[in-house]
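Open the model in your viewer and keep the selection tool at hand. The stops below go from one region to the next.

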Amino acid sequence: GRLEPEVVGPRRGDTGQVDRPGHDTTGQRERHTGEHRDRAGPAHVEVTDGPRHQRLVGPVDLPVAPGRSLFKTRVLAKLLQAAGVAATDRVLVVGCATGYGAAILARIAAKVVALEENAELARSAREALADRSNVEVVSGPLKSGWTAAAPYDLIVVEGATEVVPDALLGQLSDGGRLVCVQGGDQAAKAMLYLRTGGEVSGRAVFDAAAPVLPGFAKTPAFAF
């Protein structure tokens, strides 16, 4: 069947307005095709933008705090497609910002833990996701993940990392997946990691670029 939810989670534009769940002020739609969340199985996720909102939510990452931006909607949609989100999944969102991605995942997955270290963004996410019974917003360093609710079937890193996120990979269940953008420049790639037993493998799934999240920058090399 087809599920066509209204816009979920806040996206802040240059007007300073925030779109609240259940109020379609952007004309944007997320379409989940495949299995409804009360049935098991991965969902196909497609996020489309109305033409008149191209500048607001389309081809650029949307700033929400100093040094922090929301993913381009197309990048987020393709990452969730690559992840194969299932109705039974326990998901960790790393760098949830205002909660936009977490709200989308909450409509598909069984449980979502949304991690944010910026206090103002975490407060915005809690407000936006207050009516989502299957979402918990937690505060802590992004690079450490959230071991209290581990292991996870899926980890979505909402930003770029310049290093392999080993601490997060260690919080995956057997068969768990992690998706992220890896690299800090235009040569960055969207990555899909899979944990099988004690082994982790990864592969690039498409070209993508995003701002590097706090704690995920490569340590500068010192020249002597």
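## Starting at a cavity

The residues that line the largest cavity divide into 5 nonpolar, 3 polar and 2 charged. The model is a predicted one, and this is the first stop in it.

To see the lining, select G67, R68, S69, L70 and F71, then add E158, G159, A210, P211 and L213. Two elements each give two or more residues to this lining: strand 5 (68-70) and strand 9 (152-161). Colour strand 5 separately, since the largest share of the lining, 3 residues, comes from there. The space inside this largest cavity is about 40 Å³. Searching the whole structure gives 2 cavities of 30 Å³ or more. Rolling a probe the size of a water molecule over the atoms is a way to show where empty space is left.

## Zooming out

Now show the whole protein as a cartoon. Its secondary structure consists of 5 helices and 12 strands. Of the 224 residues in the protein, 50% are buried. Switch on the surface: the accessible area is about 10,300 Å², and carbon and sulfur atoms account for 51% of that area. Among contacts with a separation of 6 or more, 55% join residues 24 or more positions apart.

## Into the nonpolar cores

Hide the surface and select V85, V91, L105, V112, L154 and V181. These are the residues with the most contacts inside the largest nonpolar core, which has 41 residues. Next select residues 100-106, which form helix 3; this helix supplies the largest share of the core, 6 residues. Another core, of 19 residues, lies apart from the largest one, and V113, L172, C180 and Y193 are among its members. In soluble globular proteins, nonpolar side chains tend to be buried together.

## Last stop: a loop residue

Select Q171. Where does Q171 sit? The residue is in the loop between helix 5 (166-169) and strand 10 (172-182). Is Q171 buried or exposed? Q171 counts as buried because its relative accessibility is 5%, and buried means under 20%.

What is Q171 in contact with, leaving aside its neighbours within four places in sequence? Select L92, S144, G145, W146 and T147, followed by A150, P151, Y152 and I155, to display these contacts of Q171. Two of the names lead back to an earlier stop: Y152 and I155 fall within the range of strand 9 (152-161), the strand that gives two or more residues to the lining of the largest cavity along with strand 5.

How values were computed
Residues are numbered from 1 along each chain as its sequence is written. This is a predicted model: local features need pLDDT of at least 70, side-chain atom pairs count only at pLDDT 80 or more; totals for chains, interfaces and linings use all residues. Side-chain values use heavy atoms; hydrogens and water are left out. Helices (H or I, at least four residues) and strands (E, at least two) are DSSP runs, numbered from the N terminus. Buried means under 20% relative accessible area, exposed over 50%, partly exposed in between (1.4 Å probe, protein chains only). Contact means heavy atoms within 4.5 Å. Accessible areas come from the Shrake-Rupley method with a 1.4 Å probe; for residues, only the protein chains shown count as cover. On a 1 Å grid over the protein atoms alone, a cavity is a set of points where a 1.4 Å probe fits but cannot get out, and a pocket is an open set with protein on both sides within 12 Å along at least five of seven lines; lining residues have an atom within 4 Å of a point. Grid points are joined across faces, edges and corners, and a volume is the space filled by probe spheres set on the points. Ala, Val, Leu, Ile, Met, Phe, Trp, Tyr, Cys and Pro count as nonpolar, Asp, Glu, Lys and Arg as charged, and the others, Gly among them, as polar. A nonpolar core is a set of buried Ala, Val, Leu, Ile, Met, Phe, Trp, Tyr and Cys residues joined through side-chain atoms within 4.5 Å.
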